[in-house]
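Visitor: Hi! I'm new to this one, could you walk me through it?
Guide: Happy to. Let's put it on the screen and go from there.

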Amino acid sequence: MTKKLTISALLVALAMIFSYIEVLIPFNFGIPGIKLGLANLVVVVAMYLLGARQAFMISMVRIILIAFTFGNLAALLYSIAGGILSFAVMILCRKIKGLSVMGVSVAGGVSHNIGQIIVAVFVVENLNLLFYVPVLIIAGVVTGFLIGMVAGLVLPAVKKAFHLY
């Protein structure tokens, strides 16, 4: 139990560092609101390393701490919506036999963007925002692919480092 808590705290800190890096060095994809989602790398790794419950807690703690540190209530609302939908989809996708870490991450990236656009439609009260969905799907696939690729590469090393085989 203590080992899991310690690893979780380290992963929250790492996710916060990754979020801070994205605030400091915005990755400009030429599309407003699109981010690489470096902190999601930590969530994907945590899901495979520690299980769904612990990964969800890491994700929520990170979202809340980052919103209070670098954002505002609106940022919290968008992040929570994207984070919860993304996490739910990744958990469901993880149960699909043969779907790789990369596939789970892509599904998470796409659903994160969809969760945020759903909130935006309600906040702004404008259905025209839904025309942005195809762009968000493409962005989610690209960023999810990159995050999933890195997660797949680092997962064995992280398991070995924490003696979690």
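Guide: What follows is a chat about a few helix contacts and residues in this model, which is predicted.

Visitor: Let's start with helices. How do α1 and α2 cross, and how close do their axes come?
Guide: The axes of α1 and α2 come within 7 Å and cross at roughly 160 degrees. That angle is over 145 degrees, so α1 counts as roughly antiparallel to α2.

Visitor: Is that crossing left-handed or right-handed?
Guide: The crossing of α1 and α2 is right-handed.

Visitor: Which residues meet there?
Guide: On the α1 side they include Lys4, Ile7, Ser8, Leu11 and Glu22, and on the α2 side they include Leu38, Val42, Leu49 and Leu50. By class, the contact of α1 with α2 has 13 nonpolar, two polar and two charged residues.

Visitor: You mentioned Ser8. Where is it, and what does it touch?
Guide: Ser8 sits in helix α1, which covers residues 2-24. Leaving aside residues up to four places away in sequence, Ser8 touches Leu50, Gln54 and Ile58.

Visitor: And is Ser8 buried or exposed?
Guide: Ser8 is buried, because its relative accessible area is 6%, and the cut-off for buried is under 20%.

Visitor: What about its neighbour in the numbering, Ala9? How open is that one?
Guide: Ala9 also lies in helix α1. Ala9 has a relative accessible area of 48%, so it is partly exposed.

Visitor: How far is Ala9 from Val61?
Guide: In sequence, Ala9 and Val61 are 52 residues apart. In space, their C-alpha atoms are 9.7 Å apart.

Visitor: New topic: how many salt bridges are there?
Guide: The structure holds one salt bridge. The partners are Glu22 and Lys35, and their closest N and O atoms are 3.9 Å apart.

Visitor: Where does each partner sit?
Guide: Glu22 is in helix α1, while Lys35 is in the loop between α1 and α2. The two are 13 residues apart, and the pair links distant parts of the chain.

Visitor: Are those two buried or exposed?
Guide: Glu22 counts as buried, because its relative accessibility is 9%. Lys35 has a relative accessible area of 55%, so Lys35 is exposed.

Visitor: What else can you tell me about Lys35? Which residue of α6 touches it?
Guide: That would be Thr143, which lies in helix α6, residues 133-161. Thr143 touches Lys35 and Leu36, again not counting residues up to four places away in sequence.

Visitor: So is Thr143 buried or exposed?
Guide: Thr143 counts as buried, because its relative accessibility is 8%.

Visitor: Back to helices. How does α2 pack with α4?
Guide: α2 and helix α4, residues 73-94, pack at an angle of about 40 degrees, with their axes 12 Å apart. So α2 is oblique to α4. The crossing of α2 and α4 is right-handed.

Visitor: Which residues make that contact?
Guide: From α2 there are Val43, Val44, Met47 and Tyr48, and they meet Phe87, Met90, Ile91 and Arg94 in α4. These residues divide into seven nonpolar, no polar and one charged.

Visitor: Why is one of them charged?
Guide: That one is Arg94 in α4, because Arg belongs to the residues that count as charged.

Visitor: Thanks, that was easy to follow!
Guide: Glad to hear it, enjoy exploring.

Conventions: Residues numbered from 1 in each chain as written. Predicted model: local features only at pLDDT ≥ 70, side-chain atom pairs only at ≥ 80, totals over all residues. Heavy atoms only, no water. Helix = DSSP H or I, 4+ residues; strand = E, 2+ residues; numbered from the N terminus. Buried < 20%, exposed > 50% of the residue type's maximum accessible area, 1.4 Å probe, protein only. Contact = heavy atoms within 4.5 Å. Salt bridge = Lys/Arg side-chain N within 4 Å of Asp/Glu carboxyl O. Axes fitted to C-alpha atoms, helices over the stretch in contact; angles between N-to-C directions. Parallel < 35°, antiparallel > 145°, perpendicular 65-115°, else oblique. Left-handed = near helix turned anticlockwise from the far one by under 90°.
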